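Subject: Structure handover

Hi,

Here is the structure for you to look over. My notes come after it.

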Amino acid sequence: MASTSAGIVTGLTAAALTAVGFLAYQAAATVPAELSASPNGAGGSPAAAASKAPRDKRHPTALPSGSGVGERVVYSLDDDRVWLVGPRNRVQHTFRVMPSAVDPAPGTYAVTSRSGETTGSDGTQVEHVVRFTSVDGVVIGFSAAVDGSTAPPDPAVRTGGIRETREDGDAMWMFATIGQKVVVIR
C-alpha cells in the first residue's frame, strides 16, 4: 500500500508541475513587450539604448527626442530630470531629481510596485514610492522624503531612491500607476 501511495503522490506532483509550467509559459507568452522584465521591452540589452537622446539646447527642459512614444515617465540620468508624458506626447510635468547612488541602465521598464509611505533604504521616511527595476539587488524607484529633503545620497551606501520634492512626488504618484512605462535615457 505504501508503494501505491508513493506512486499516486509522484503522479500528482508531476501533473501539478506540468500544469504550473504550462501556465507559466502561457503567462510569459502573453506579456506585452512594454511590460516585459527585460529593459527595452523586447529582451534587448540595456547597452543597446545607451546612446544619449538628442537635446534642444535652447530649451533644456524640453522633452528629449528619441525618448519613446506614448504615455510614459522619462528619466534622464545625465540631466537628473523627469518628464511625465501624457497622451499625444505632451509633457504634463517636468522636474529635477536627486539621483540615487545606484543608477538603472538606460532602457524601457514598467512600474512594478508602489508604496504610500515607508522607510527608504537610507533610513529616511519617504512617501509616494514608485518602483520600476532593481540593479544587483538594489531596488530602484522614485520617492519623496516626508521631511522634504533632497540631500545627495551617500556614495558609500548602495541605495536606489531617486528623490523628488513632495510636490513632484504627488504628481509622480498620480501619474505612474502599476504597469506605467518608464524610459531611462542618458
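Below are the overall fold, one residue and the largest pocket.

This is a predicted model: local features need pLDDT of at least 70, side-chain atom pairs count only at pLDDT 80 or more, and totals for chains, interfaces and linings use all residues. Numbering runs from 1 along each chain as its sequence is written, and side-chain values use heavy atoms, with hydrogens and water left out.

The protein chain has two helices and nine strands (DSSP runs: H or I, at least four residues; E, at least two; numbered from the N terminus). Their order is α-β-β-β-β-β-β-β-β-α-β. Of its 186 residues, 34% are buried (under 20% relative accessible area, 1.4 Å probe, protein chains only).

Arg131 sits in strand S6, residues 125-135. Its side chain makes a polar contact of 2.7 Å with that of Ser115 (N or O atoms within 3.5 Å, one able to donate a hydrogen and the other to accept it; residues adjacent in sequence count only if both atoms are side-chain atoms). Arg131 and Ala176 are 45 residues apart in sequence, yet 9.5 Å apart in space, C-alpha to C-alpha.

The largest pocket (an open set of 1 Å grid points where a 1.4 Å probe fits, with protein on both sides within 12 Å along at least five of seven lines) has a volume of about 400 Å³, the space filled by probe spheres set on the points. It is lined by 29 residues, each with an atom within 4 Å of a point. Closest to its centre are Gly120, Ser121, Gly160, Gly161 and Arg163. S7 gives the largest share of the lining, six residues.

Best wishes

Note on methods: Buried means under 20% relative accessible area, exposed over 50%, partly exposed in between (1.4 Å probe, protein chains only).
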